[in-house]
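This report asks how sheets and helices are arranged in the two chains shown below, and how the chains meet.

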Amino acid sequence: MTGPRNDRPAGAEPADFYRLMLRTRLFEEYCMRLRKDGAVLGNTYPCLGQEALGAAGLALTPGDALFPSYRSRAIVFGKGATLEQHFRELIGDPGAEQAGREVFHHAAFPRLGVMPSSSMIGGWAPTAAGYALTQQIERAGNVTVCVIGDGSFGAGDLHETLNIVGVWKLPFVLMVENNGYQVSASWNRMRVQRAIEPYVAPYGFVTRPVDGNNAFDVFHSMAWARAEALAGRPAMLDCHTYRMGGYSSHFGEPRTGINAELAEWRLRDPIDFMAEWLERHGGHDRKALAALRQQEERAVDAAWRKAKDAADSARKA
Amino acid sequence: MPKNAIASAPRCAKHDSGKRQTKIQSVSETGSPRAMRGKKAAPADGSASGAVTYKDAIARALREAMEADAKTFVLGQDVGRFSIGGVTKGLIDAFGEDRVRDCPISESAMVGIGVGAAMNGHTAVIELAYADIAAVAFSSIVHGAAKIRFATNGQLRCPLIVRAPINRFSRHGPMGTEVTLSWFYNVPDLDIAMPASQDEAYWLLRNAFTRPVPTLFLEDRSLNATTGVIGPKPKDATRARVARRGADVTVIAAGRMAALALEAAQHLAAGPPAIDVNVVSLGTVKPLDAATILAEAQATGRVLIVQEEPRFGGYGPAIQSLLDELPATALKRQPVLLARADTFLPYNREEDALPSIDAIGEAVRRLLGVPRGKSRRAP
């Protein structure tokens, strides 16, 4: 029994899920334009199509720690980081929290429980486990969420970590952004099983497949995983989703022959799904939804201008 | 071609073997160490009264640091009920299983776990079975531990300690006896300690707990049974120390090489001709104590640097480049680096590849231009 999946979550406002996902997509698209226009130098790793995973951030408490992947913008927003904070890191503003030292998709916001990300795919999992270990030692009643892509399953450090987490029963949640691709390579060329459960369960994890394009399922699943992990059962969420864009802004679409997949997953767009739900069950008509979109568009644009002004005036000073 | 003369590592005498290393006395400013094995530890305030072994000094620093801060813990293989290296013996009874944790063979994850713990304000002491194993934890040490403070602009700190014992004369061969200092030497924000004495071992390990950056602690197991006194708390434990004052030549080294240099100095003082050697024991090899190195180099005008690694990395070339910055007339001779040949360390005759007491003595005599003395054997 793994609890509800599609029910309206108690204590959460469905419109917030919608806004979080919209904000994430608008932000990612905005960053891609900035990069294309040469307004920023840094590359981004858009999570287009994976925005529903952000609902996981809404299911966490401030004391829970999040170790995001480089493609976890939605979850980082869900954990409370702002658009302006992100833009300042993207600019590399000396006044930003990382002071321009680290790429923006690795940025940490420790006050929000958002820990750094890393280029060492899989090699960062032990760091999350270490944080979880201190939570266990302190009996803090908090968990650590480690977000990885399914490509990480090739990394030895990840397996070392899963073994230790299982043995020590750490308050640890492994959240897998299972989008089926490692840059250009489809999952079946990189591992035998699409599902993650066969790899993780033997290490002592409870597991749950998640519709990664359904924000409600993501939210409920994280709430479940959190409770399991706190009860001494490390949990893994296998969030099935699809990357609707390129790997990064470094280069164009690296995958070939994906038109049918794209068409199939476009029908399962997480933002459209939530808009439909809000129309049917949430008391939002089209006009109200359009107003929410406009609000988020303005917020993204305003955050960029504010971040840019701050960086410009810092440069002049 | 570097301007510094190259002194190739001569073959050492047969007596300079592993068994003999246990006779090496400590490098200490506090006077001549008493050779008392297993004597009761000095008072907890660190004030000198009794001699301790090198290994006990490390164990004591670890235990006292754990007593002082509940947010400290030990990770390693066989560090709990069975303390394989002996340094963690008894810690599990004193601090419990939460803080003394036996790990699977997952060194990279062990270090990574320490990094994550540091993010939440805990200090982990990772015990590697021996220094060579640092290779499989390289990414976690470099990309994880060392970079966190820099990357987050100081939002997060990483006072992590990786104890990586050098397995000198343990008969572990090319994968189990290496000095791994130079592998990590160009990594910023990573402190590296190579204690030569009980005093250095104790205070450098205590000091590592106070640092905002990780420390690679390269203790040398061949010194484990040596005895000496832990002196009072130094003003700055990371400063190099003059282990022996001398007027003729300055020998700079760290770890076991500093201990050997001190012994070579005692032989050289006996002459003939009597040579008065100034021995600088670095203790902390990164960051280098440039002020002490430059002052002591100029004090005699002649410098010999001794290191156990080949000459293409490590503190030897780093010190040479420091000395290169001095005015041309500052030294009487170009500094010389005595290093191991560019070879791995064999299972059998490991000592042949390493600088020995005799080789140090010979290099000092050559620096001074005095005739080659007879091979001087210790009593």
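What follows goes through the sheet of chain A, the contact between the chains, and then the sheet and a helix pair of chain B.

The model is predicted, and every value given here should be read with that in mind.

**The sheet of chain A**

Chain A holds an open sheet of five strands, arranged in the order 1-2-3-7-6 with parallel pairing. Strand 1 (65-67) and strand 6 (206-211) of chain A are the edge strands, and each of them pairs on one side only. Taken on average and with direction ignored, neighbouring strands of this sheet are turned by 20° against each other.

The table lists strand pairs for which a bridge count and one pair of facing residues are available, including a pair from chain B that is taken up further below.

| Strands | Bridges | Direction | One residue pair |
|---|---|---|---|
| strand 1 and strand 2 of chain A | three | parallel | Phe67(A) and Cys146(A) |
| strand 3 and strand 7 of chain A | six | parallel | Val173(A) and Ala235(A) |
| strand 6 and strand 7 of chain A | six | parallel | Pro209(A) and Asp238(A) |
| strand 5 and strand 6 of chain B | three | parallel | Ile126(B) and Val162(B) |

Strand 7 of chain A is joined by bridges both to strand 3 of chain A and to strand 6 of chain A. This strand is mostly covered, with six of its six residues buried. Ala235(A), Leu237(A) and Cys239(A) point one way from strand 7 of chain A, whereas Met236(A), Asp238(A) and His240(A) point the other way, and all are buried. Two of these residues appear in the table as well: Ala235(A) stands opposite Val173(A), and Asp238(A) is the bridge partner of Pro209(A).

Two helices of chain A can be placed against these strands. Helix 5 of chain A lies across strand 1, strand 2 and strand 3 (172-178), and runs at about 170° to strand 2 of chain A. Helix 9 (residues 215-230) of chain A packs on the sheet as well, where it touches strand 3, strand 6 and strand 7 (235-240) of chain A, and its direction makes about 170° with that of strand 6 of chain A.

**Where the chains meet**

In the contact between the chains, 27 residues of chain A touch 25 residues of chain B. On the chain A side, helix 5 and helix 6 (156-168) each supply at least two residues, and the largest share, nine residues, comes from helix 5 of chain A. By class, the side of chain A that touches chain B divides into 13 nonpolar, nine polar and five charged residues.

Helix 5 of chain A, which lies across strands of its own chain, thus also takes part in a helix pair between the chains. The axes of helix 5 (residues 125-137) of chain A and helix 4 (residues 107-119) of chain B come within 6 Å and cross at roughly 55°, which makes the two helices oblique to each other. Their crossing is right-handed. On the helix 5 side the contact includes Pro126(A), Gly130(A), Tyr131(A) and Leu133(A), and among the residues they meet as a group in helix 4 of chain B are Gly112(B), Ile113(B), Gly116(B) and Met119(B). The residues of this helix contact divide into ten nonpolar, seven polar and no charged.

**Chain B**

Chain B has an open sheet of seven strands in the order 4-3-5-6-8-7-13, with mixed pairing. Strand 4 (100-102) and strand 13 (284-286) of chain B stand at the edges with a single partner strand each, so one side of each is left without a neighbour in the sheet. Neighbouring strands of this sheet are turned by 20° against each other on average, direction ignored. Within it, strand 5 (residues 123-127) and strand 6 (residues 161-163) of chain B run parallel and are joined by three bridges.

A helix pair inside chain B completes the account. The axes of helix 8 (residues 256-270) and helix 11 (residues 357-368) of chain B come within 9 Å and cross at roughly 60°, so that helix 8 of chain B is oblique to helix 11 of chain B. Helix 8 of chain B passes helix 11 of chain B in a right-handed crossing. Leu260(B), Ala261(B), Glu263(B), Ala264(B), His267(B) and Leu268(B) make the contact from helix 8 of chain B, and Ile357(B), Ile360(B), Gly361(B) and Val364(B) make it from helix 11 of chain B. By class, this contact has seven nonpolar, two polar and one charged residues.

Technical notes: Residues are numbered from 1 along each chain as its sequence is written. Chains are lettered from A and ligands numbered from 1 in the order in which they are written. This is a predicted model: local features need pLDDT of at least 70, side-chain atom pairs count only at pLDDT 80 or more; totals for chains, interfaces and linings use all residues. Axes are lines fitted to C-alpha atoms, for helices over the stretch in contact, and angles run from 0 to 180 degrees between N-to-C directions. Helices (H or I, at least four residues) and strands (E, at least two) are DSSP runs, numbered from the N terminus. Angles under 35 degrees count as roughly parallel, over 145 as roughly antiparallel, 65 to 115 as roughly perpendicular and the rest as oblique. A crossing is left-handed if the near helix is turned anticlockwise from the far one by less than a right angle, and right-handed if clockwise. Two residues are in contact if their C-beta atoms, placed from the backbone, lie within 7 Å. Ala, Val, Leu, Ile, Met, Phe, Trp, Tyr, Cys and Pro count as nonpolar, Asp, Glu, Lys and Arg as charged, and the others, Gly among them, as polar. Two strands pair if DSSP finds at least two bridges between them. A residue is buried if 20 or more other C-beta atoms lie within 10 Å of its own, exposed if 12 or fewer, and partly exposed in between; C-beta atoms are placed from the backbone.
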